[in-house]
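Work through the exercises below with the sequence and the model at hand. Each task is followed by a solution in steps.

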Amino acid sequence: MTNLTVEAIELTRLYGGREAVSNVSFNLTQGQVLGFLGPNGAGKSTTMKMLTGNLAPSAGSVKICGIDMIENPKEAKALIGYLPEMRPLYKEFTVDEYLTIAARLHRVASRNIKKAVETAKERCGLTHMSKRLIENLSNGYQQRVGIAQAIIHNPMVVILDEPTVGLDPIQIRDIRTLIREIGTDHSVILSTHILPEVEMVCDHVQIIDKGKLVFNGGIDVLKRQRVGNKLLIGFNNAPAPADLLQIAGVSEAETLENNMMRVRFAENTTPHESIVQAAVKNGWGLYQIAPDQTSLEDVFVQLTYQDAAAVETPVA
Ligand code: ADP
């Protein structure tokens, strides 16, 4: 496939005989933003270090735009921009000075450096901060500088470790918008602990637990798990659970507080309309019917506790 940017092939990393990352495979294509999630110690940083060529895998391989990281590390690394959790900023420099150094480190040709600095500043909303010392910038603007250095050489793949940690809500919104923009023409891998962030920014999600992928799929698939097969129904004149169980597809019915009931239904059934019809026919006084959403946190907990056997096939 032509626009395949990252191929992680059966990546394994051992520390002292223990597998920190175990047989992890996935692909990423241009224009995809991948959210990389997992509890602490799950293997996220270890995987990212292998993807960026900072750590050799014990087994498996990484290819960036088809270039093997072990065989051709210089060429492969040139296609990656990386913002580690600890921002690599020299705070005593101005934004212009620092980005010029970053461009040199990323081997941008001398004649192209000025243009590369201008473009990165423009994309990250930093143009008006050009002459400011980095140490005098707010946390959010320092983060923009960190992202600007990661994209200065226009890499195909941008890897961002916890990019919104420690920012205020307005800064978070701005950085998320920026990441989405970057994701339109690069591939972005974003590690985060914040589930709504994944929902807002990513189109693809990967959850790692104890070194193994326990979920690898589209954000839609994750959202579907969230909606589940439950309904929350309000009746002025609530029926007995047994009455609801008469309706085809309803597998469980539970009475809650304030005349509310929770109904579970079997896979591939949609008993919603039958419930409304039964309510009208029997005078149950239906005033509300809505999907009962599991929180993303609950989905995450379910996935990280369930057996790793349920991994979806990677999407090419
Ligand atoms: P995460 O980034 O998801 O928090 P890590 O990739 O940092 O997880 O760690 C995965 C596992 O590997 C953890 O059990 C951690 O203790 C272990 N680990 C990480 N780095 C080292 C190291 N340099 N030496 C030994 N064990 C390590």
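**Exercise 1.** List the residues that surround the ligand.

Solution. Take every residue with a heavy atom within 4 Å of the ligand. In this predicted model the shell consists of Tyr-15, Arg-18, Ala-20, Pro-39, Asn-40, Gly-41, Ala-42, Gly-43, Lys-44, Ser-45 and Thr-46. Residues are numbered from 1 along each chain as its sequence is written. Local features need pLDDT of at least 70, side-chain atom pairs count only at pLDDT 80 or more, totals for chains, interfaces and linings use all residues, and side-chain values use heavy atoms, with hydrogens and water left out.

Next, assign elements, which are DSSP runs numbered from the N terminus (helices H or I, at least four residues; strands E, at least two). Strand S2 (18-29) and helix H1 (44-51) each supply at least two shell residues; the largest share, three residues, comes from H1.

**Exercise 2.** Find atoms of Gly-41, Gly-43 and Thr-46 that lie by a ligand oxygen.

Solution. A backbone N or O atom of Gly-41 is 2.7 Å from a ligand oxygen. For Gly-43, again a backbone N or O atom, the distance is 2.9 Å. Thr-46 uses a polar side-chain atom, at 2.5 Å. The ligand alone exposes 560 Å² (Shrake-Rupley, 1.4 Å probe), and the protein buries 59% of that.

**Exercise 3.** Which domains are assigned, and what distance separates their centres?

Solution. The domain assignment, automatic or from a database, gives domain 1 (4-225) and domain 2 (229-291). Their centres, taken over C-alpha atoms, are 46 Å apart.

How values were computed. A polar contact is a pair of N or O atoms within 3.5 Å; within protein, one must be able to donate a hydrogen and the other to accept it, and residues adjacent in sequence count only if both atoms are side-chain atoms.
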